[in-house]
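Please look over the sequence and the model together before reading on. The paragraphs that follow move from paired charges to the chain as a whole and then to its surface.

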Amino acid sequence: MGQVMMETLYIIGTIIVGFGVVFKLLIDLGHKIEDGLIELDEKLAIAIRSVVEKIPGLGEHEPINPIQMAIGQLIANMNQQKQQPQMKIIERDEKGLFTSQDS
């Protein structure tokens, strides 16, 4: 009975050590993947920046046309006037009923 107990303890110990090694390897693999993703992100950013710089006219902005700016302001002012309607007070008679505008 003692021999079987020792073999079982050795097997359990080996399994626990194996799980520990696998856990450590998974943690190291996670760190390497994270570092690789950061490096890939940096390289991708450099590549995108170099491609965008080579495209003519993409980084250059022409000044705003004053006529377009005036039309934009006119449209914005028209929208503000529509959003603020004039209030109209409707009169009531002595019974509390609304009166018609004819009378």
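A salt bridge is taken here to be a side-chain nitrogen of Lys or Arg lying within 4 Å of a carboxyl oxygen of Asp or Glu. In this predicted model, the side chains of Glu39 and Lys43 meet in such a contact, with a distance of 3.2 Å from N to O. Both residues belong to helix H1, where they stand four residues apart, or about one turn of the helix. Glu39 is partly exposed, at a relative accessible area of 41%, whereas Lys43, with a value of 53%, counts as exposed.

The count of salt bridges comes to two, and the other pairing joins Lys24 to Asp28, whose closest N and O atoms are 3.1 Å apart. Lys24 and Asp28 are separated by about one helical turn, because they are four residues apart in helix H1. Lys24 is partly exposed, with a relative accessible area of 47%, and Asp28 also falls in the partly exposed class, at 29% relative accessibility.

Turning to the chain as a whole, one finds two helices and zero strands, helix H1 being the one that covers residues 2-54. Of the 103 residues in the protein chain, 0% count as buried, a class that requires under 20% relative accessible area. The protein chain exposes about 10400 Å², and carbon and sulfur atoms supply 66% of that area.

What kind of patch do Val22, Leu26, Leu29, Ile33, Leu37 and Leu40 form on the surface? These six side chains make up a nonpolar patch, with about 590 Å² of accessible area together. One of its members, Leu37, is found in helix H1, and Leu37 counts as exposed because its relative accessible area of 54% lies over the 50% cut-off for that class. Helix H1 therefore holds Leu37 of the nonpolar patch as well as the salt-bridged pairs Lys24 with Asp28 and Glu39 with Lys43.

Definitions and conventions:
Residues are numbered from 1 along each chain as its sequence is written. This is a predicted model: local features need pLDDT of at least 70, side-chain atom pairs count only at pLDDT 80 or more; totals for chains, interfaces and linings use all residues. Side-chain values use heavy atoms; hydrogens and water are left out. Patches are made of residues with over 30% relative accessible area and no salt bridge: like charges are joined within 9 Å, nonpolar side chains (Val, Leu, Ile, Met, Phe, Trp, Tyr) within 5 Å. Accessible areas come from the Shrake-Rupley method with a 1.4 Å probe; for residues, only the protein chains shown count as cover. Buried means under 20% relative accessible area, exposed over 50%, partly exposed in between (1.4 Å probe, protein chains only).
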